[in-house]
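Notebook open, structure on screen. I'm jotting down what I look up as I go.

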Amino acid sequence: MSIVITLDVMLAKRKAKSKDLAAAIGITEQNLSLLKQGKVKGVRLETLEAICRYLDCQPGDLLCYAPDSQASPAAEEQIS
């Protein structure tokens, strides 16, 4: 996937625990773990807002775009 979730990095920067974040924003630790691992297909804006509020950060601190490097050469030629 082209969107990389860097929640674990921000948790480390803020010296916050996943358990505390999950409790503060009202989601299960298991769902937070899936989010941290990037194994979710979407995130509610309400959840993203709560995470940003708790960690005092911007959405861009938690998400970044990294183009897939697995694109086939033929697909890259069509794009050019």
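**Entry 1: two helices.** I started with α1 and α3, which turn out to be roughly perpendicular to each other, because an angle from 65 to 115 degrees counts as that. Their axes cross at roughly 110° and come within 8 Å. I should keep in mind that this is a predicted model. Next I looked up who meets whom: on the α1 side I found L7, D8 and L11, and on the α3 side L32, L35 and K36. Note to self: a packed helix pair is described by the angle between the axes and the distance between them.

**Entry 2: the core.** Which residues have the most contacts inside the largest nonpolar core? I got L7, L21, I51, L55 and L62, in a core of 16 residues. Then I checked which elements give two or more residues to this core, and they are α1 (7-14), α2 (18-25), α3 (29-36) and α4 (45-55). The largest share comes from α4, with five residues. My textbook reminder here is that nonpolar side chains tend to be buried together in soluble globular proteins.

I also clicked on L55 to see its neighbours. Leaving out residues up to four places away in sequence, L55 touches L7, M10, L11, R14, A16 and L62.

**Entry 3: α2 and its two sides.** Which residues of α2 are buried? I listed L21, A22 and I25. They sit on the same side of α2, because they cover an arc of only 100° around the axis. On the other side of α2 I found K19 and A23, and both are exposed. I then asked what the buried residues of α2 pack against, and the list is α1, α3 and α4. Just after α2 comes G26, where I noted a positive phi of about 80°.

**Entry 4: the cysteines.** How many disulfides are there? My count came to zero. As a refresher, a disulfide is a covalent bond between the sulfur atoms of two cysteines. So why is C52 not in one? The closest cysteine sulfur to that of C52 is in C57, and at 4.2 Å it is too far for a bond, because the two sulfurs would have to be within 2.5 Å. Looking from the other end, C57 is in no disulfide either, and its nearest cysteine sulfur is that of C52.

Last, I looked up whether these two cysteines are buried or exposed. C52 has 10% relative accessibility, so it counts as buried. C57 is buried as well, with a relative accessible area of 9%.

Methods: Residues are numbered from 1 along each chain as its sequence is written. This is a predicted model: local features need pLDDT of at least 70, side-chain atom pairs count only at pLDDT 80 or more; totals for chains, interfaces and linings use all residues. Side-chain values use heavy atoms; hydrogens and water are left out. A nonpolar core is a set of buried Ala, Val, Leu, Ile, Met, Phe, Trp, Tyr and Cys residues joined through side-chain atoms within 4.5 Å. Buried means under 20% relative accessible area, exposed over 50%, partly exposed in between (1.4 Å probe, protein chains only). Helices (H or I, at least four residues) and strands (E, at least two) are DSSP runs, numbered from the N terminus. Contact means heavy atoms within 4.5 Å. The arc is that of the directions from the helix axis to the C-beta atoms. Axes are lines fitted to C-alpha atoms, for helices over the stretch in contact, and angles run from 0 to 180 degrees between N-to-C directions. Angles under 35 degrees count as roughly parallel, over 145 as roughly antiparallel, 65 to 115 as roughly perpendicular and the rest as oblique.
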